[in-house]
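User: Could you take a close look at one loop in this structure and then follow its connections outward into the rest of the fold? Keep it relaxed, but go residue by residue where that helps.

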Amino acid sequence: MSAPAEPTLPAPYRIVARRQDSADVFTWTVEPLGEHAPTFLPGQFNMLYAYGIGEVPVSISSAAAGEPLLHTIRAVGSVTRPMAALPVGTVIGLRGPYGTAWPLAEAEGGDLVIVAGGLGLAPLRPAILGALARRAQFGRLCLLYGTRSPADVLFADQLAAWRARGDLELRVTVDRATPDWTDEVGVVTRLIARAGFDPARTTAFVCGPEIMMRFAGEALLRRGVPAAAIHLSLERNMKCAVGYCGHCQLGPHFICRDGPVLAWPRLAGLLDVAEL
């Protein structure tokens, strides 16, 4: 991982492509205007700054190598809603990468279960691509993905391609189905009991709404996955991204610096703490 030369100073990047993923989710492809092009690890995030609007943390959704730099964003707040209206060609500020990564190398040699809820699929996508690129290094690979409705399914074309590979167990579920929906219906945590993996040799990556991650972690524990092998990605009120301001503090952790990826034992008793 290459650390930013100046951790609080954004570098200029240009939006070179934009894709509308769902009604409220879009993906930017960005390129540096200068030589600032740091490498990153799956699970890390950047701070994106729309000049005159504000700055937000956004997970990196592209592969760690071989793809342009992608950020998948939900237009939900006072910064990301105006961001959604920015046209291709706009120059933004970017600083990063920051935070901890999915322990992909540590998971090699065993089964890997990935549980994603809604937009949580975006920060998990680099880990999925990394695992598929080194498929022979893993045992069974399961992706369990849940979202609100068929219209909210992200990366639908890629999900279809992954399913067609035949070496990944993919289960997709929605809360509200439409008549043409042929996959599962219900919350994603219910899929954990039926997924084909050996709990004793499994590593789990989980990302989504915090309540979903809490129930997913508990379901993985009931299935027999060791607590230390369960990893969650949190997103709290991150502002500085370097552990200075304290806005994202959760118990003893600064999520921007110590996370966003943390093992389950480090979060014991903290997932019920409301975000300030």
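Analyst: Let's start with Phe-155, which sits in the loop between strand 8 and helix 4. Bear in mind that this is a predicted model. Phe-155 has a relative accessible area of 11%, which is under the 20% cut-off, so the residue counts as buried. Its backbone deserves a second look too: phi is near 50 degrees, a positive value in a residue other than glycine. For context, most residues other than glycine have a negative phi. The ring of Phe-155 also has a partner, with the charged end of Arg-125 sitting over it, 5.3 Å from the ring centre.

Now for what flanks the loop. On one side is strand 8 (141–147), which supplies at least two residues of the lining of the largest pocket. On the other side is helix 4 (156–165), and the loop between helix 4 and strand 9 (169–174) holds Leu-168. At 8% relative accessibility, Leu-168 is buried. Its C-alpha atom is 7.2 Å from that of Arg-140, although the two residues are 28 apart along the chain.

Strand 8 leads us to the largest pocket, so to speak, and that one takes some unpacking. It holds about 1200 Å³ of space. Its lining runs to 45 residues, and Arg-74, Leu-119, Gly-208, Pro-209 and Glu-235 are the ones nearest the centre. Besides strand 8, the elements that each give at least two residues are strand 4 (54–59), strand 5 (69–74), helix 3 (121–133) and helix 5 (210–223). Strand 4 gives the most, with five. By type, the lining splits into 20 nonpolar, 16 polar and nine charged residues. Where does the largest pocket lie relative to domain 1 and domain 2? It lies between them, because domain 1 (11–98) and domain 2 (104–266) each give residues to the lining.

There is a second pocket to compare notes on. The second largest pocket holds about 220 Å³ and is lined by 19 residues, with Tyr-13, Ala-37, Pro-38, Phe-40 and Leu-69 nearest its centre. Strand 2 (25–32) and strand 6 (91–98) each supply at least two of its lining residues. The residue types here are 13 nonpolar, four polar and two charged.

Strand 6 is a good place to pause. Pro-97 lies in this strand, and the peptide bond joining Gly-96 to Pro-97 is cis, with omega at about 5 degrees. Another cis bond runs from Gly-259 to Pro-260, with omega near 10 degrees; Pro-260 is in the loop between helix 6 (255–258) and strand 15 (261–263). As a rule, most peptide bonds are trans.

Then there are the rings. The whole structure has four aromatic pairs. One of them is Phe-45 with Tyr-98: the centres are 5.8 Å apart and the planes are at 40 degrees, so the pair is tilted. Phe-45 is in strand 3 (residues 45–50) and Tyr-98 is in strand 6, so the pair ties together parts 53 residues apart in sequence. Phe-45 and Tyr-98 are each buried. Tyr-49 and Tyr-51 make an edge-to-face pair, 5.1 Å centre to centre with 70 degrees between the planes. Tyr-49 is partly exposed at 29% relative accessible area, and Tyr-51 is partly exposed at 43%.

Back to charges over rings: Arg-223 has its charged end over the ring of Phe-197, 4.1 Å from the centre.

One last loop picks up the phi theme. Ala-241 is in the loop between strand 12 and strand 13, and its phi is near 75 degrees, again positive in a residue other than glycine. Ala-241 is buried, with a relative accessible area of 3%. His-247 belongs to the loop between strand 12 (230–233) and strand 13 (249–250), and at 45% relative accessible area it is partly exposed. The C-alpha atoms of His-247 and Asn-237 are 5.8 Å apart, with their positions 10 residues apart along the chain.

Conventions:
Residues are numbered from 1 along each chain as its sequence is written. This is a predicted model: local features need pLDDT of at least 70, side-chain atom pairs count only at pLDDT 80 or more; totals for chains, interfaces and linings use all residues. Side-chain values use heavy atoms; hydrogens and water are left out. On a 1 Å grid over the protein atoms alone, a cavity is a set of points where a 1.4 Å probe fits but cannot get out, and a pocket is an open set with protein on both sides within 12 Å along at least five of seven lines; lining residues have an atom within 4 Å of a point. Grid points are joined across faces, edges and corners, and a volume is the space filled by probe spheres set on the points. Helices (H or I, at least four residues) and strands (E, at least two) are DSSP runs, numbered from the N terminus. Ala, Val, Leu, Ile, Met, Phe, Trp, Tyr, Cys and Pro count as nonpolar, Asp, Glu, Lys and Arg as charged, and the others, Gly among them, as polar. Domain bounds come from an automatic or database domain assignment. Rings of Phe, Tyr and Trp (its six-membered ring) pair if their centres lie within 6.5 Å; planes under 30 degrees apart count as stacked, over 60 as edge-to-face and the rest as tilted. Buried means under 20% relative accessible area, exposed over 50%, partly exposed in between (1.4 Å probe, protein chains only). A charge sits over a ring if NZ of Lys or CZ of Arg is within 6 Å of the ring centre and within 35 degrees of the ring normal.
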